[in-house]
Amino acid sequence: VIFIDLKYQIVPDVLSLPGILIGVILVTLYPSLPGRSMGEAFLMSILGVVAGGLSMYLMGFLGELVFRKEALGGGDVKLMAMIGAFLGWKLVLLVFFMAPVLGAIAGIVAKIKYKKDIIPYAPYLSIAAFICMLYGDLIIEKLFYVY
């Protein structure tokens with residue numbers, strides 16, 4: 001998805017839509033936390049799909065209101081729903097807030113150096129998702145002192 005978005009500025013539905021279903025199924029069949037039932041894992045995955053997709057949809061909607069042009073592609077919304085299926089609602093919201101920080105630096109450089117107006121967002125969502133997959137619980141613990 002990273003390289004497709006960088007080259008063509010699209011996130012293909014053929015990857016993200018089946019990815020949502022695969023994420024929900026895998027998380028349900030193989031709950032990551034000891035003691036979590038399949039039902040709890042399924043619920044966390046579905047909440048992740050909703051939180052990821054809805055947060056991006058609302059960001060795109062508000063961006064269009066403010067900038068009066070498309071601010072976010074539909075592929076990014078579906079990609080975040082897919083990420084949410086795998087990571088759950090807490091970590092997908094962390095991805096939502098982490099990705100703009102990662103993308104801002106590259107976006108500013110691309111705007112100044114290359115005069116680019118459109119910056120692919122999926123690479124930053126994907127990098128943030130990878131970081132959250134590895135260290136998300138630790139980041140949340142440190143941010144909110146959750147023990």
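Let me begin with a definition: a residue is called buried when its relative accessible area is under 20%, exposed when it is over 50%, and partly exposed in between, with a 1.4 Å probe and protein chains only. By that scale L65, at 47% relative accessibility, counts as partly exposed, and we will come back to this residue when we reach the surface.

What you have in front of you is a predicted model, in which local features need a pLDDT of at least 70 and side-chain atom pairs count only at pLDDT 80 or more, while totals for chains, interfaces and linings use all residues. Residues are numbered from 1 along each chain as its sequence is written, and side-chain values use heavy atoms, with hydrogens and water left out.

Let me start with the overall fold. The protein chain has five helices and zero strands, where helices (H or I, at least four residues) and strands (E, at least two) are DSSP runs numbered from the N terminus, and the pattern along the sequence reads α-α-α-α-α. The radius of gyration is 16 Å, close to the 15 Å that the globule rule gives for 147 residues, so the chain is as compact as a globular protein of that length; the radius is taken over C-alpha atoms, and the rule is 2.2 Å times the number of residues to the power 0.38. Along the principal axes, the C-alpha atoms fill a box of roughly 50 × 35 × 30 Å. Of the 147 residues, 38% count as buried. If we take contacts, meaning heavy atoms within 4.5 Å, with a separation of 6 or more, then 68% of them are between residues 24 or more positions apart.

Now to the interior. Which residues have the most contacts inside the largest nonpolar core? They are M56, M80, I83, V95 and L125, in a core of 30 residues, a core being a set of buried Ala, Val, Leu, Ile, Met, Phe, Trp, Tyr and Cys residues joined through side-chain atoms within 4.5 Å. The elements that give two or more residues to this core are α2 (13-29), α3 (38-67), α4 (74-114) and α5 (122-144), and the largest share, 15 residues, comes from α4. Leaving aside neighbours within four places in sequence, M56 is in contact with L72, D76, V77, M80, F96, Y121 and L125.

D76 also appears among the contacts of D5, a residue of helix α1 (residues 2-8). Is D5 buried or exposed? At 4% relative accessibility, D5 counts as buried, and beyond four places in sequence it touches I10, V11, D76, P120, Y121, A122 and P123.

On charge pairing, the structure holds one salt bridge, defined as a side-chain nitrogen of Lys or Arg within 4 Å of a carboxyl oxygen of Asp or Glu. The partners are D13 and K78, at 2.8 Å from N to O; D13 lies in helix α2 and K78 in helix α4, so the pair ties together parts that are 65 residues apart in sequence. D13 is partly exposed at 34%, and K78 is partly exposed at 26%.

Turning to the surface, the accessible area, from the Shrake-Rupley method with a 1.4 Å probe and, for residues, only the protein chains shown counted as cover, comes to about 9,400 Å², of which 73% belongs to carbon and sulfur atoms. L65, which is found in helix α3, belongs to a nonpolar surface patch of about 1,100 Å², made by F42, I46, V50, L54, Y57, L58, F61, L62, L65, V66 and F67. Patches are made of residues with over 30% relative accessible area and no salt bridge, with like charges joined within 9 Å and nonpolar side chains (Val, Leu, Ile, Met, Phe, Trp, Tyr) within 5 Å.

Finally, some loop residues. Most residues other than glycine have a negative phi. Q9, in the loop between α1 and α2, has a positive phi of about 55°, and Q9 is partly exposed at 37% relative accessibility. R68, in the loop between α3 and α4, likewise has a positive phi, near 60°, and R68 is exposed at 73%. K69 is found in the loop between α3 and α4 and is exposed at 53%; its C-alpha atom is separated by 34 Å from that of I140, 71 residues apart along the chain.
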